[in-house]
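Colleague: I should be grateful for a close look at a single part of this model, with its setting described and each term defined as it arises.

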Amino acid sequence: MPDADLKAVVDFDMTRAQAVADEYGCEAYGTVDELVAAHTDIQAVTVAVPTVYHRAAAEPLLNKQIACLIEKPLAPSVKDCRALVDCAKANNAVLQVGHTERFNPAFRAVEALNFKARFMQTERVSPMTFRSMDVGVVMDMMIHDLDIVLKLAGSPIKSVDATGVAVLGEHEDIASARIIFENGCVANITTSRMALNTERRLRVFSESGFINLDYGSCDGVVVHTDGDNREAMMKIRDQLAAGRDLSDLKYLDMVKVEPLSFDLPAGEDDQLTAEQNNFLRAVRGGGKPAVDGEAGLAAVDAAQRVVRAIREHTWEGQAGSALLLNS
Ligand SMILES: NC(=O)c1ccc[n+]([C@@H]2O[C@H](COP(=O)([O-])OP(=O)(O)OC[C@H]3O[C@@H](n4cnc5c(N)ncnc54)[C@H](O)[C@@H]3O)[C@@H](O)[C@H]2O)c1
């Protein structure tokens with residue numbers, strides 16, 4: 001970031017830390033404690049170590065009032081998430097969580113529409129990368145969609161139903177969840193890291209319209225339910241009510257489909273840049289980060305409920321949710 005001064009990089013693996021430090025012209029340390037002992041002027045840190053170490057790495061920083069952008073998921077358990085949120089609050093330190101999808105230009109266009117979501121469908125599938133094998137697909141990939149649907153539903157979760165399959169190890173590699181929110185909104189979420197293609201999609205149905213978003217290509221469409229579309233639908237309703245045969249009608253020619261668009265601030269068309277800008281703005285006192293610690297905690301809480309529901313599901317003749325391909 002041009003307006004930030006990179007002081008140091010920390011990695012347990014000093015060879016790796018030194019290589020990155022050499023590339024970016026900064027110092028290298030093996031532990032967070034060494035970093036905070038050597039520098040009293042650090043204002044902000046990005047914590048991108050494996051999730052199990054998030055709390056251990058971030059707490060010494062937050063305790064020194066250093067702002068932290070912690071990668072998603074915030075922590076492996078709700079207890080650790082709560083500890084991090086409380087630690088940030090007690091020290092008046094900025095805590096942001098790396099739910100990068102919130103900064104996807106297409107998602108920002110969805111937010112700007114301000115539709116009241118009634119029903120959502122998400123799909124996030126990709127071929128196996130053999131990364132993040134210490135957690136299941138829910139904590140690894142579904143967590144992005146859980147954060148998004150929680151944001152769009154704007155309501156606490158009432159119930160969770162889910163199924164999942166562990167193919168390569170003890171954790172689920174494929175998962176499907178149906179979440180019902182207290183305000184009646186429903187989200188169907190599908191995730192797989194065993195797919196043959198890569199797809200990241202969100203569909204939102206609301207009284208104001210329908211949205212279809214592709215995170216990968218950062219674009220999407222919206223169909224508003226007022227104006228021309230409302231008139232067209234009313235006409236069809238009347239004709240159907242009068243018993244007319246409309247099988248020759250071309251539905252897609254009748255619906256006005258508009259591209260999702262949003263005026264992004266200069267240089268913010270890349271979601272990682274936008275996320276870092278949001279963090280630096282918060283560090284400089286420019287307000288709360290878009291994805292704060294409470295949002296990170298809510299996503300982990302939802303993910304744990306999904307994992308619990310998966311474990312409780314059984315198939316006839318098969319105990320538990322592990323369905324190994326060779327069994
Ligand atoms: N937002 C996203 O879309 C996204 C994408 C990928 C990964 N992530 C998250 O980023 C985090 C890191 O994932 P990754 O795949 O890059 O991990 P990784 O294992 O590839 O790399 C982590 C690095 O941290 C070092 N390390 C481990 N523990 C440490 C500690 N306590 N102190 C200092 N260094 C330590 C390791 O030596 C390694 O070099 C995870 O929480 C993951 O979920 C987020």
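Modeller: The answer below begins with the whole chain and then turns to a pair of packed helices.

The model is predicted, with local features requiring pLDDT of at least 70 and side-chain atom pairs counted only at pLDDT 80 or more, whereas totals for chains, interfaces and linings use all residues. Residue numbers start from 1 along each chain as its sequence is written.

The protein chain holds 10 helices and 13 strands, both taken as DSSP runs numbered from the N terminus (helices are H or I, at least four residues; strands are E, at least two). Its C-alpha atoms occupy a box of roughly 80 × 55 × 35 Å along the principal axes. Of its 327 residues, 37% are buried, that is, they have 20 or more other C-beta atoms, placed from the backbone, within 10 Å of their own. Two residues are in contact if their C-beta atoms, placed in that way, lie within 7 Å; of the contacts between residues at least 6 apart in sequence, 67% join residues at least 24 apart.

The part chosen is the packing of helix 4 (residues 78–90) on helix 10 (residues 293–312), whose axes lie 9 Å apart at an angle of about 175°. These axes are lines fitted to C-alpha atoms over the stretch in contact, and the angles run from 0 to 180 degrees between N-to-C directions. Helix 4 is therefore roughly antiparallel to helix 10, a term that applies to angles over 145 degrees. Helix 4 contributes Val78, Cys81, Arg82, Leu84, Val85 and Ala88 to the contact, while helix 10 contributes Gly293, Glu294, Gly296, Leu297, Val300, Asp301 and Gln304. An α-helix has 3.6 residues a turn, so residues three or four places apart point the same way. By class, the residues of this contact are 7 nonpolar, 3 polar and 3 charged; Ala, Val, Leu, Ile, Met, Phe, Trp, Tyr, Cys and Pro count as nonpolar, Asp, Glu, Lys and Arg as charged, and the others, Gly among them, as polar.

Leucine 297, which lies in helix 10, deserves separate mention. Leucine 297 is buried because 20 other C-beta atoms lie within 10 Å. Residues up to four places away in sequence aside, leucine 297 touches Leu74, Val78, Cys81, Arg82 and Val85. As a wider reference, its C-alpha atom is 21 Å from that of arginine 108, which is 189 residues away along the chain.

Note on methods: A residue is buried if 20 or more other C-beta atoms lie within 10 Å of its own, exposed if 12 or fewer, and partly exposed in between; C-beta atoms are placed from the backbone. Angles under 35 degrees count as roughly parallel, over 145 as roughly antiparallel, 65 to 115 as roughly perpendicular and the rest as oblique.
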